Amino acid sequence: MYVDGQGRRGAGMAAAALMTLLCLVYRPAAALPSQINVLGLFDSGSPGDIQAFENAIDEINNSYDCLHGSKLNGIKIIIYPGDSFKAAKEVCYNLETMGAAAVVGPQVSLTTSRHIQSLCHSLQVPHLEGRWSYPVPSSWTREKFTANFYPTPPDLNQAYIALIKEWNAKAIAVIYEDNDGLIRLQEALTDLREPKVHLAQLPNDPNRDYRPFLKMIKMTMRIRHLVIDCRAELIRTIMDQANQIGLVSEYFSFMFTSLDLHTVDFTPYQIQQGRVNITGFRLLREGWRQSSDSCAQGQDWRTNMNQLTTTSMLMYDALHSFARALRTSEREGPISVPTLSCDTERGWGTNGSQIIRLMLQTPMMGRSGLIRLSEFGRRDDFELDVLELGAAGLEVVGSWSRAGGVNYTRTWGQKTEEIATSMSGRTFRVVVGLANPYVMEDNTTESGFSGFCIDLMGEIAKKKKFKVEYHVSPNNQYGTFSEKEGPSGMMKELMENAADMAIADLSITLDREKGVDFSMPWMNLGISILYRKPVKAPPQLFSFMGPLSTEVWIYMGTAYLGVSVLLFILARLSPQEWQEPGVCSMAGADPDFLENEMNLRNSFWFTIGSLMQQGCDINPKAVSTRMVAAWWWVFTLIMISSYTANLAAFLTAGRMETPIKSAEDLAKQTTIKYGAKKTGSTKYFFRDSSKELYRRMYNFMESARPTVYVDSSDAGVERVIKSKGLYAYLMESSGIEYVLERNCELTQVGGLLDHKSYGIALQPGSPYTTVINSAILEIQEEGRLLELKNRWWKANTPCPDDNKVNANELGIDNVGGVFVVLLGGMCVAVLIAFSEFIWKSRKLAHAEHTSLMNEMAKELKFAFSCKGSSKPVSKPEPLRPSQSATYLSNGPGNWNADVTFEPYQRKP
């Protein structure tokens, strides 16, 4: 039953009196009145809100068990948005004339809502809302008579933040329609630390022409992700105008905060599967199940979901929640709905408080899901469907809840498969940079290009079944991105939507990643130095001395002198070296002197003869001297063999003059200039490096005149060749590897200065990055990447290997062991010589009846006098009896020195 709020006061009073009389006659003992008035305020102008209001009341009234025969009487009050005065006047009039158990609405005006909340709070009448609203003022600390079924802004903001983080965007634009929208997004703007947020307001254009504004977003901010808070009726207009200026593509993502997104017709964009990214939320549930004690028994509205607004359905849920509270409160005692005056302080009393309390305490399953209100009448526990535009329209792809966050119903693999399917049959624009062997112009091919990168992109396109259209970057620049200067080269092509991908010897750098996306690396490398090969030094007059270092030559000379002198000394000390002369004056007679062949001259001759492997007629005879000779022969054998072997290598390889061996050598000198590509990542590496050496090299390159920078790598290679050793080019190691295969005059100097990778660049936020990554991984696992590199890097006629013979002079570290062995042998020989010397001296001392020390001193004095190579033979006479007695009595130690003997004559 419905009564128009514009009826005359008298008719309303008469109807109220009649209804009261009927209740007294027919239901004298009922706990609920036979008719309960509910006021509905409508300021949206939407017939759907009124229909939801009427349908809810009809369902409640058609169920006898719901209110046990009592009926709800819906009184519709239609007002203009913002007309809070008329709204309050109509509410007060109906409360005074007929009474009402609840007030529902309004749907749009926040001012009107606040006014009605205050009025209901004063009169203790339940106020039901289904719209976005500010939180209830904290000054209302006692009983709350407003129940708002719309999700609270703080929780909605958490849902927005969760979805924004799923984007993984570097920057987003937040666009709002009015101040209410800014307030709705306030907490999201405050809590969101990343990504960077650009805030903008839709222009207040009566013609709703937002194209200049959207074009500014596209060109100035270069934003790919947009969060838009506006009314549902503006969404289609914004999308159509965004499509006209090129904002609607797979590279731009839109998220609308309106919970009525499902009511928008996106049919023109459904056919562009995978190329329109629209995301949002929906509160209404498909296939909802009503509570067992619910009064909803009408038709299932799932087939008309796209026609149901959130506000309408929340009004529907609010009335059913109110009806359940009425039925529950009936058990606690009779309820009466009195007439109330807005001019007095008298309110409804305990009945109103009881109904609103039961609504807040009793959860219910409605068309908007599980309804659970807080003690303040706010709905802060709810679940949202995550919607995305697909081929069949908006599809539920997941859900969000405060406890669980975002949960997608599809897997990452399914999402990737959908993107791969959308790529099939499409033609992608790929910008390239000319550089051998990556990309080269080739009129014999269908695409007009050939090279490693062209083959790689061809393999990817074959696997993912798409086509490619190539064009060269303006001025063949790879470019970079900076916040101040913006993008350049290939980066500009991608960010201005002139290309879908970029492939070349393009390094993945931090600056570039700030502007575009990169695939996984398809080649790893580093910066190195390209320089001419070292020139062989001209033959030198004394090049035969090259196999041994100067230090070794000095040690050998010292060893030669030392061994010769030692041999001479030991020969003089050793008795076996003193031999009878070769021809005796008298046959069978004892010689008067002994001769030693190992004089100083012969000792030097013997050692030099052994060193030259020629031998000598003079040979040592004593054990000690032979020991010296043996170890000297071992020493000379090893040294001569080592020298001979290394001499052959030296004469074959020759000596190479290398002025630089590393980046440190380059930085220390100024004669050899060095440079890089003027717009490449190599230059930026030196510019941004924190290492002092590289910063100094960058400053040198910047100040060099004429400039040391080149336009391309080919120009850098040509400059290295023509400079004849006065220019070195800094470039990637993979490029150097290619150049060295084809130019035998050049070489790589030193190791890698850094580590970097090449990748395929894509537009920022591109959905195809994952698909390209999977294709590169497949090609890599199949071994095709290595095959392609060998095909384009290896030359048909490789350069001769100049390092087959690598001769280095032998240092003391190489042959030091030989000297140690020689020294050890000499020590052993000295010990043997002294043993022989002591033994012979003792024998002579006994024979000559003298002391051992005297005999040793006499022999040592003769040996170290180095005079002559012969000595007289001592021939003592037999002792006379007196001398013998004296000798025997005194002993050898007390022998009279004045006693003399004739020389001793040895018997033959």
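The following legends describe close-up views of a predicted model.

**View 1. The largest nonpolar core and the residues with the most partners in it.** This core has 84 residues. M239, F254, Y438, F452 and W522 touch the most other members. Helix 15, which covers residues 452–464, gives the most to the core, with seven residues. Apart from this core lies another one of 83 residues, including F42, A101, F281 and Y316. In soluble globular proteins, nonpolar side chains tend to be buried together.

**View 2. The surroundings of W522.** Neighbours within four places in sequence are left aside here. W522 is then in contact with Y438, F452, C453, L456 and A504, among others. Its contacts also include Y758, G759, I760, I776 and L785. Two of the residues named here, Y438 and F452, are listed together with W522 among the core members that touch the most others.

**View 3. The salt bridge between D500 and R429.** The closest N and O atoms of this pair are 3.1 Å apart. D500 lies in the loop between helix 16 (489–495) and strand 23 (501–503), and R429 lies in strand 17 (residues 427–432), so the salt bridge ties together parts that are 71 residues apart in sequence. D500 has a relative accessibility of 3% and counts as buried, whereas R429, at 26%, is partly exposed. The count for the model comes to 32 salt bridges.

**View 4. The salt bridge between E782 and K463.** The closest N and O atoms are 2.9 Å apart. E782 sits in the loop between helix 26 (769–781) and helix 27 (784–793), while K463 belongs to helix 15; the pair links distant parts of the chain, 319 residues apart. Both partners are partly exposed, E782 with a relative accessibility of 48% and K463 with 28%. Helix 15 is also the element that gives the most residues to the largest nonpolar core.

**View 5. A salt bridge within helix 24.** K722 and E718 both lie in this helix (residues 713–722), four residues apart, or about one turn. Their closest N and O atoms are 2.7 Å apart. K722 is exposed, with a relative accessible area of 60%, and E718 is partly exposed at 41%. Elsewhere, salt bridges that share partners join R282, R285, E383 and D385 into one network. Side chains of opposite charge can pair when their charged atoms come close.

**View 6. Polar contacts of the E250 side chain.** E250 is placed in the loop between helix 10 (232–244) and strand 10 (253–256). With a relative accessibility of 1%, E250 counts as buried, because the cut-off for that class is under 20%. The E250 side chain makes a polar contact with the side chain of R426 at 2.8 Å. A further polar contact, at 2.9 Å, is made with the side chain of Y768.

**View 7. The disulfide between C92 and C342.** A search of the whole structure finds one disulfide. C92 is joined to C342 with an S to S distance of 2.0 Å. The torsion about the S-S bond is about -105°, so the disulfide is left-handed. C92 lies in helix 4 (residues 84–97) and C342 in the loop between helix 12 (310–330) and helix 13 (350–361); these linked parts of the chain are 250 residues apart. C92 is buried, with a relative accessible area of 13%, and C342 is partly exposed at 23%.

Definitions and conventions:
Residues numbered from 1 in each chain as written. Predicted model: local features only at pLDDT ≥ 70, side-chain atom pairs only at ≥ 80, totals over all residues. Heavy atoms only, no water. Core = buried A, V, L, I, M, F, W, Y, C linked by side-chain atoms within 4.5 Å. Buried < 20%, exposed > 50% of the residue type's maximum accessible area, 1.4 Å probe, protein only. Helix = DSSP H or I, 4+ residues; strand = E, 2+ residues; numbered from the N terminus. Contact = heavy atoms within 4.5 Å. Salt bridge = Lys/Arg side-chain N within 4 Å of Asp/Glu carboxyl O. Polar contact = N/O pair within 3.5 Å; in protein donor to acceptor, adjacent residues only side chain to side chain. Disulfide = S-S within 2.5 Å.
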